[in-house]
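User: I've got a multi-chain model open and I'd like to know what stands behind the labels people put on it. Can you take me through the reasoning?

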Number of protein chains: 10
Amino acid sequence: MASLEVFANPHPDRDYIILHQTDEFTSVCPKTGQPDFGSIQIEYIAAKTCVELKSLKFYLQGYRNVGVFYEDVVNRILNDLVAALEPRWMAVTGSFTTRGGMRSVIKAEHGKR
Amino acid sequence: MASLEVFANPHPDRDYIILHQTDEFTSVCPKTGQPDFGSIQIEYIAAKTCVELKSLKFYLQGYRNVGVFYEDVVNRILNDLVAALEPRWMAVTGSFTTRGGMRSVIKAEHGKR
Amino acid sequence: MASLEVFANPHPDRDYIILHQTDEFTSVCPKTGQPDFGSIQIEYIAAKTCVELKSLKFYLQGYRNVGVFYEDVVNRILNDLVAALEPRWMAVTGSFTTRGGMRSVIKAEHGKR
Amino acid sequence: MASLEVFANPHPDRDYIILHQTDEFTSVCPKTGQPDFGSIQIEYIAAKTCVELKSLKFYLQGYRNVGVFYEDVVNRILNDLVAALEPRWMAVTGSFTTRGGMRSVIKAEHGKR
Amino acid sequence: MASLEVFANPHPDRDYIILHQTDEFTSVCPKTGQPDFGSIQIEYIAAKTCVELKSLKFYLQGYRNVGVFYEDVVNRILNDLVAALEPRWMAVTGSFTTRGGMRSVIKAEHGKR
Amino acid sequence: MASLEVFANPHPDRDYIILHQTDEFTSVCPKTGQPDFGSIQIEYIAAKTCVELKSLKFYLQGYRNVGVFYEDVVNRILNDLVAALEPRWMAVTGSFTTRGGMRSVIKAEHGKR
Amino acid sequence: MASLEVFANPHPDRDYIILHQTDEFTSVCPKTGQPDFGSIQIEYIAAKTCVELKSLKFYLQGYRNVGVFYEDVVNRILNDLVAALEPRWMAVTGSFTTRGGMRSVIKAEHGKR
Amino acid sequence: MASLEVFANPHPDRDYIILHQTDEFTSVCPKTGQPDFGSIQIEYIAAKTCVELKSLKFYLQGYRNVGVFYEDVVNRILNDLVAALEPRWMAVTGSFTTRGGMRSVIKAEHGKR
Amino acid sequence: MASLEVFANPHPDRDYIILHQTDEFTSVCPKTGQPDFGSIQIEYIAAKTCVELKSLKFYLQGYRNVGVFYEDVVNRILNDLVAALEPRWMAVTGSFTTRGGMRSVIKAEHGKR
Amino acid sequence: MASLEVFANPHPDRDYIILHQTDEFTSVCPKTGQPDFGSIQIEYIAAKTCVELKSLKFYLQGYRNVGVFYEDVVNRILNDLVAALEPRWMAVTGSFTTRGGMRSVIKAEHGKR
């Protein structure tokens, strides 16, 4: 997985909301080897650091050929971002397209908003 | 009914929301033998295990030729999932298409969110 | 009026929501003898019994040639269903099409949700 | 069936379009005895006479307890109106609600527009 | 003004909601003599009596050639209905079309819902 | 009926389209004495004169208490405007609200566009 | 500015809501002399008097050639109406069209609803 | 009226479409002195010159306090633009807001597209 | 950066809401040198001064060729406006278009509404 | 202006449609020096070459600080692309945001589709 780069929060004395969303997330089903598609939304209040967008893009692209369950990938993204940023609060939501006639949404949160 | 397979919740220390929805549910009316159609939505917070999606698909397909009341099938799905997963919370909603000019929605819940 | 058939609530130990709606209700105006048209929505939490859908359809069709005020028919449907089912909670809403340039909605409830 | 009343076309020297539509048509299925519901649209160019609206309403209400196929009722309405009005052109369209998961539309025409 | 006819509330022991709405209200501006147009919505919980729909239609038609301010007509309708019905609660809302580039809405209430 | 005032077409050498529409037309049913409501749309290409808008408003208001069939009123409006304006082309369309569950549209044309 | 005319609140013993809205407000930018456009919404509970609609229209038209900031005009309208009506509560909202790529909304309130 | 400035069509050897539209047109009714509001759309194929946008804005603002019929203003705008630009083709459409419950659209064209 | 001009709050004794929004914000990515695009919304309650709109437009245009992170620019706009206006409350929201398949929203607030 | 790079049309024996659209076009008004914003849509049938997307992005970004009329920029983009690609057919449409209350659309075409 590409490493997440951070930059110093330019306004650490203020609690403000940062939201990044991509509709171009893809990984691989660990059971069937088939590609999965979905959107990932990341919302957080930064403490000392913010995530740099280009490295976030490369980090998320890193799942392209990884076999991983929906439940796992949303929590791993949350864990990796929490480890890199130590945010005051963060939520990650994954909305995955229909597979076998079934669509799935996973939402995980770190800290209290 | 195909058995529900589970996998270990990869992040059991966190309460996060999992939602699966299919618009391709079909069963049989126990009175008339006619096919019924509807959508099934399952939302839960996992404890030790998550439901594996492919087995969930096969499980739900298992009702295809089963005669069962709407009220019953929604609760049976909830009961079977609760037995298999022992989730912290779960809700199952079935929305069924018009029969005799009448549409029906059934919603059942296990535990408190 | 066709009698309302019930079947044993397959899951009486759980409070869950049941909703049935038809857009094909018709009765007769007791003043003018002219047909009235509307939709009827029934929402309830069952106790020991659920209403069987086909008998509900026949029951509602039973108003086809009955002269009855809007206010009365909604409450009569509620009373008959309450008598047959003894539900923990029930609400009946009738939305009637325009007559003399005026549309009407009547909503009655039994018990507390 | 209530008879269709006509009145003298107040402007017989001009070809103009007349359209009447009701969403409150109901008849009975000749196979099952169950009520059918739909909308009826009548569009025509009058010759010497126009159909009086109240009599048209009563005429259409006359099908309320008549067992008749969709294909038949649309053509019968067209035939009765053509016989009563001798219009320059007429089209009748019936759009019926879902039965057994299937909706139906029947359209018949008399003369050339 | 046509008198408002009432009929005995068929279910006086239950608090239920009755709503009547017409988009065909018209009166006359007391300043200019020009016609005004709008919709009137009446919502109430009946006590001993309900308003009969045909008499309500005639009552509202009675304003057709009456010069009356928007603020006055909404309150007069409320007062007349309250006097005739003595409801447990009632609200009347008038939404009037654009005059001089300005649209108006007036809402008055009697009792607490 | 208030007389239709005209003013000299300020650009008689050019064929251009003029459209006026009101949603506030009301007249009276000649059978029942009940008010009818609808919208009237007038579209034309002027020759030597255009209709003055205020007089058109008063002209249309003149039908407020006149008993007249839908088919008649649309053609009478067309005839009166044609007589007053002698336009190169004109079309009048009346769309009337639901009566007895039935809505009606009448469209008449003078000349070729 | 045209003076605001009032008339005696016909129902001063009842708190009811009055709303007037126009999309045809125009004034002049005090910096550039260019016309500004917007909508003005006035909502209030009257005490002893109501504003007469025609005088309100003329009053608002009075800003047509007046140079005034958005923030000022909304408060001035509120102040003038409060002075004229002494309402129990009033709110004025101005929504202005895009200038220099920027749209503006100003909302001011008098008293508590 | 502010004069229309033009600039040399930068690509006179090609027939291409130019469209300008404003929703902020206002003039004055020549009968009542009351302000009128509407949108003006200008579409054309230039020959040797194009209209400069700022001068077009000032030109249209020039009608702000001018008393003029809808039919006249649309044709005058067309004539003035045709005189200034001598375009290969041009169409001007004015859509005016409701007056006395009536909205109006005027469309005039010069040349063939 | 162009300086923010202010004018005396014409109604400093009243807490009222002022909102300005532009969809035409553009700056430059400090990593790639590529242009960024977005909308900026500013909402505030003024104390002694209001921001003059034209100077606000020039101020925001000042970022056109400045390299700045999303998180920084939203806070800098907030800081500059707070320094210039000393408002009772202010919120700034930036919504930026998709970059690398990812869209971002940043929201910062000063004081309590 | 950055040069447009091309690559060999991989399927030159087939007429197929290529469309590129950006909502992030900005240039400068040659009269006022103020920034303009709009969307540019390019649609073409390639002959021997296709335009390379990254070079197209840089080419369009090249207008960021260029003073140019709407009519000119759309034709210049068309001319530059035609010179670089010699397509069988091409159309360029620019839709520009509101300036002085007026929005503009320019559409130019090369060859026949």
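**Contacts, copies and one odd loop residue**

Analyst: Sure. Where chains A and B meet, 17 residues come from chain B and 16 residues from chain A. Keep in mind that this is a predicted model.

User: Which elements of chain B give two or more residues to the side that touches chain A?

Analyst: Those are β2 (17-28) and α1 (53-61) of chain B. The biggest giver is β2(B), with eight residues on that side. Sorted by class, the side of chain B that touches chain A holds eight nonpolar, four polar and five charged residues.

User: What makes β6 of chain A and β2(B) a strand pair?

Analyst: The cut-off is at least two bridges found by DSSP between the strands. Strand β6 (residues 102-110) of chain A is joined to β2(B) by six bridges, so the two count as paired. They run antiparallel. For one bridge you can look up, take A:Met102, whose partner in β2(B) is B:Thr22.

User: How do you know which rotation axis relates chains A and B?

Analyst: Superposing chain B on chain A takes a rotation of 60° with 0.0 Å of shift along the axis, and the RMSD is 0.1 Å. The two copies are thus related as by a six-fold rotation axis. Within chain B, the residue that comes closest to that axis is B:Arg113, with its C-alpha at 18 Å.

User: Why are chains A and F said not to touch?

Analyst: A contact needs C-beta atoms within 7 Å. For chains A and F, even the nearest C-alpha atoms are 41 Å apart, and the two chains do not touch. Chains B and G do not touch either, with their nearest C-alpha atoms 36 Å apart.

User: What is unusual about the phi of C:Glu86?

Analyst: Its phi is positive, about 45°, although C:Glu86 is not a glycine. You'll find C:Glu86 in the loop between α2 (70-85) and β5 (89-99) of chain C.

User: Why is C:Glu86 called partly exposed?

Analyst: Buried takes 20 or more other C-beta atoms within 10 Å, and exposed takes 12 or fewer. C:Glu86 has 15, so it is partly exposed.

User: And what about G:Glu86: where is it, and why does it count as partly exposed?

Analyst: G:Glu86 sits in the loop between α2 (70-85) and β5 (89-99) of chain G. Phi of G:Glu86 is near 45°, a positive value in a residue other than glycine. G:Glu86 has 15 C-beta neighbours inside 10 Å, so it counts as partly exposed.

Note on methods:
Residues are numbered from 1 along each chain as its sequence is written. Chains are lettered from A and ligands numbered from 1 in the order in which they are written. This is a predicted model: local features need pLDDT of at least 70, side-chain atom pairs count only at pLDDT 80 or more; totals for chains, interfaces and linings use all residues. Helices (H or I, at least four residues) and strands (E, at least two) are DSSP runs, numbered from the N terminus. Ala, Val, Leu, Ile, Met, Phe, Trp, Tyr, Cys and Pro count as nonpolar, Asp, Glu, Lys and Arg as charged, and the others, Gly among them, as polar. Copies are superposed by least squares on the C-alpha atoms of residues with pLDDT of at least 70 in both.
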